[in-house]
Amino acid sequence: TTGRVTFTLNGRRTSLVVDNRTSLLDLLRERLDLTGTKKGCDAGACGACTVHVDGRRVNACLTLAVRLEGAEVTTIEGLARHGGLHPLQRAFVEQDALQCGFCTPGQIMSGVACIHEGHARSPDEIREWMSGNICRCGCYVNIVRAIGQAAR
Ligand code: FES
Ligand code: FES
């Protein structure tokens, strides 16, 4: 079955008919051309698909699109929309916190939530918050540094 869902996506009202089984991740990537949100495991285990729903981080692969009625969704594409990079994006560049970049959108969306929710007071706290975001290139040390820098 299908249903209509209306929500705010990166500041814009979005309304479309979706199959009840469609994940937010597939909706973003396959119907809305927002491919910054990555598909790693498609099973809630890697964090590559992290976005914000009503200001909280979620795994887009585990979120059904039909559940988003009235919600406010922000993806990596929406983070820099006020002109220029978000401070955490700048910190990732300055701290050299990426190699291939595949995990980076998810790392940044998770990192922004880490800072906003007050979990960036120490490297240990950041590491714990970020433990669901896997980086196959092993950039963890610099990712933690970048989040620490942006939190100051
Ligand atoms: Fe969603 Fe891996 S793709 S957690
Ligand atoms: Fe390559 Fe993280 S930068 S997976």
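Two residues count as being in contact if their C-beta atoms, placed from the backbone, lie within 7 Å. Keep that in mind for the views below, which show a predicted model.

**View 1. Two domains and where they touch.** The protein chain is split into domain 1, covering 2-79, and domain 2, covering 87-151. Measuring from C-alpha atoms, their centres sit 21 Å apart. How many residues of each domain are in contact with the other? On the domain 1 side there are 14, and they meet 13 residues of domain 2.

**View 2. Zooming in on domain 1's side of the contact.** Look for strand S3 (50-53), strand S4 (56-59) and helix H2 (76-79): these are the elements that give two or more residues to the side of domain 1 that touches domain 2. Which one gives the largest share? That's S3, with three residues. Sort this side of domain 1 by class and you get six nonpolar, five polar and three charged residues.

**View 3. Helix H3 crossing helix H4.** Here we move to H3 (residues 87-94) and H4 (residues 104-116), whose axes come within 10 Å and cross at roughly 125°. That angle makes H3 oblique to H4, because angles of 65 to 115 degrees count as roughly perpendicular and those over 145 as roughly antiparallel. As for handedness, H3 passes H4 in a right-handed crossing. To find the contact, pick out Leu88, Gln89 and Phe92 on H3, then Thr104, Ile108, Gly111 and Val112 on H4. Four of the contact residues are nonpolar, three are polar, and none is charged.

**View 4. Helix H3 again, this time with helix H6.** H6 spans residues 140-151, and H3 packs with H6 at an angle of about 135°, their axes 8 Å apart. H3 and H6 are therefore oblique to each other. Is the crossing left-handed or right-handed? H3 passes H6 in a right-handed crossing. On the H3 side you'll find Pro87, Leu88, Ala91 and Phe92, and they meet Ala146, Ile147, Gln149 and Ala150 in H6. By class, this contact of H3 with H6 has seven nonpolar residues, one polar and no charged.

**View 5. Helix H4 meets helix H6.** What angle do the axes of H4 and H6 make? They cross at roughly 40° and come within 10 Å. H4 and H6 are therefore oblique to each other, and their crossing is right-handed. H4 brings Gln107, Gly111, Cys114 and Ile115 to the contact, while H6 brings Ile143, Ile147, Ala150 and Ala151. Count up the classes for H4 with H6 and there are six nonpolar and two polar residues, with no charged ones.

**View 6. How sure is the predictor?** Step back to the whole protein chain for this one: the average pLDDT is 97, and 99% of the residues score at least 70. The predictor also gives the complex an ipTM of 0.99 and a pTM of 0.97. A general tip for reading any view like these: where pLDDT is low, the predicted coordinates should not be read in detail.

Conventions: Residues numbered from 1 in each chain as written. Chains lettered and ligands numbered in written order. Predicted model: local features only at pLDDT ≥ 70, side-chain atom pairs only at ≥ 80, totals over all residues. Axes fitted to C-alpha atoms, helices over the stretch in contact; angles between N-to-C directions. Helix = DSSP H or I, 4+ residues; strand = E, 2+ residues; numbered from the N terminus. Parallel < 35°, antiparallel > 145°, perpendicular 65-115°, else oblique. Left-handed = near helix turned anticlockwise from the far one by under 90°. Nonpolar A, V, L, I, M, F, W, Y, C, P; charged D, E, K, R; others polar. Domains from an automatic or database assignment. pLDDT = per-residue confidence, 0-100.
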